[in-house]
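Reader: Could you take me through the helix packing and the charged pairs of this model, with the cut-offs stated as you go?

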Amino acid sequence: MLDSDLVRSLPKVVLHDHLDGGLRVQTVLELAREIDLVLPADDPSGLSQWFYDAANSGSLPRYLETFQITVALMQSPQALRRIAYECVEDLVADGVVYAEVRWAPELHLHNMEPREAVAAVWEGLQEGMRAMAAAGHVIHVRQILTALRHHPPSTQTAQLVIDCADLGVVGYDIAGPEAGYRATVFRESTDLLRKSGCHITIHAGEGYGPESIQDAINCGAERIGHGVRIIEDGSPLPGSTRRQILDRDILLEVCPTSNLQTGIASSIFEHPVDRLVSAGFRVGINCDNRLMSRTSLTRELLLLHDAFQWDLLRIEEVTVAAMESAFCAEALKAELIRDVIQPAFAAFTDC
């Protein structure tokens with residue numbers, strides 16, 4: 001049996017983590033006081049429970065209320081720097097050695113220009129990485145910028161990805177409700193990014209089925225955010241959506257607890273992740289929104305250990321797969337796999 005201390009100590013990789021979904025409860029309380037924002041609870045325990053209950057309510061409007069609060073608190077460079085810094089601290093405390101943190105700049109422009117907002121997040125991430133390195137914990141964190149399906153299609157975020165490579169931006173994402181909002185309306189953006197050699201991941205296959213995943217593939221997605229409803233496509237035929245994902249080694253960014261909250265399965269035992277891995281799909285495990293799901297990557301991996309008997313070899317497999325599919329430089333990927341991830345797992349599996 002694996003325990004939390006062991007799993008937490010292992011080097012981990014996060015590819016699907018929303019900055020506005022990972023705030024500390026205490027930070028929410030303090031930033032809300034600064035801008036006189038009334039919260040549904042005024043103590044850490046009560047507020048944490050409110051976020052969790054809203055995420056588990058089964059009500060989309062109530063779930064979205066949680067992000068209305070966090071986004072409202074992220075409208076200044078100072079707030080973005082603080083939240084980004086604390087994000088790095090929290091990831092390190094969970095044993096993460098590489099992370100890509102995503103957020104939608106278009107939601108954070110009340111007092112800032114787009115590049116100013118991206119720069120503020122990057123400053124916070126850099127400060128966090130430096131502080132953690134000084135304390136003996138090296139972590140590499142990058143940014144992914146997100147466009148929103150339910151907003152009018154625009155190339156603004158795509159151009160920002162291209163223009164902000166110097167600010168730790170390594171990729172582009174499309175998020176938001178899938179049903180009725182096809183990713184292909186952003187083809188102008190994704191075509192622009194592909195021509196510029198930029199990386200693309202797209203949320204698909206969570207709120208809608210394999211058709212949404214096919215749209216993401218058609219837009220050039222190298223990874224699929226969630227993607228778990230590919231299990232509904234049983235076709236082994238060449239050209240099928242299932243076959244394309246397998247043949248192209250497209251990684252699925254699976255977020256188990258979040259998937260349960262959005263109705264993918266009624267319990268972790270019914271979640272398709274184990275079947276997907278067994279069928280040969282490349283999978284990385286993630287938290288999605290650490291605040292709303294009240295989770296950590298350690299907790300997510302322990303859930304899979306308890307439900308499907310995932311051992312250290314399986315956890316190493318999905319960790320390496322995630323690192324191989326990261327959007328950072330190839331040299332950094334190889335270094336982290338060779339010098340950090342594999343030696344750490346070998347130290348336990350060789351015992």
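Author: What follows is a short set of questions and answers on one helix pair and several salt bridges. This is a predicted model, in which local features need pLDDT of at least 70 and side-chain atom pairs count only at pLDDT 80 or more, while totals for chains, interfaces and linings use all residues. Residues are numbered from 1 along each chain as its sequence is written, and side-chain values use heavy atoms, with hydrogens and water left out.

Reader: At roughly what angle do the axes of α5 and α6 cross?

Author: Helices here are DSSP runs (H or I, at least four residues) numbered from the N terminus, and axes are lines fitted to C-alpha atoms over the stretch in contact, with angles from 0 to 180 degrees between N-to-C directions. The axes of α5 (residues 77–93) and α6 (residues 114–134) come within 7 Å, and they cross at roughly 35°.

Reader: Is glutamate 86 buried or exposed?

Author: Glutamate 86 belongs to helix α5. Buried means under 20% relative accessible area, exposed over 50%, and partly exposed in between (1.4 Å probe, protein chains only). Because its relative accessibility is 10%, glutamate 86 counts as buried.

Reader: Which parts of the chain does the salt bridge between arginine 115 and aspartate 166 tie together?

Author: A salt bridge requires a side-chain nitrogen of Lys or Arg within 4 Å of a carboxyl oxygen of Asp or Glu, and the side chains of arginine 115 and aspartate 166 meet in one at 2.7 Å, N to O. The pair ties together parts 51 residues apart in sequence, since arginine 115 lies in helix α6 and aspartate 166 in the loop between α7 (156–163) and β4 (169–175).

Conventions:
Helix = DSSP H or I, 4+ residues; strand = E, 2+ residues; numbered from the N terminus.
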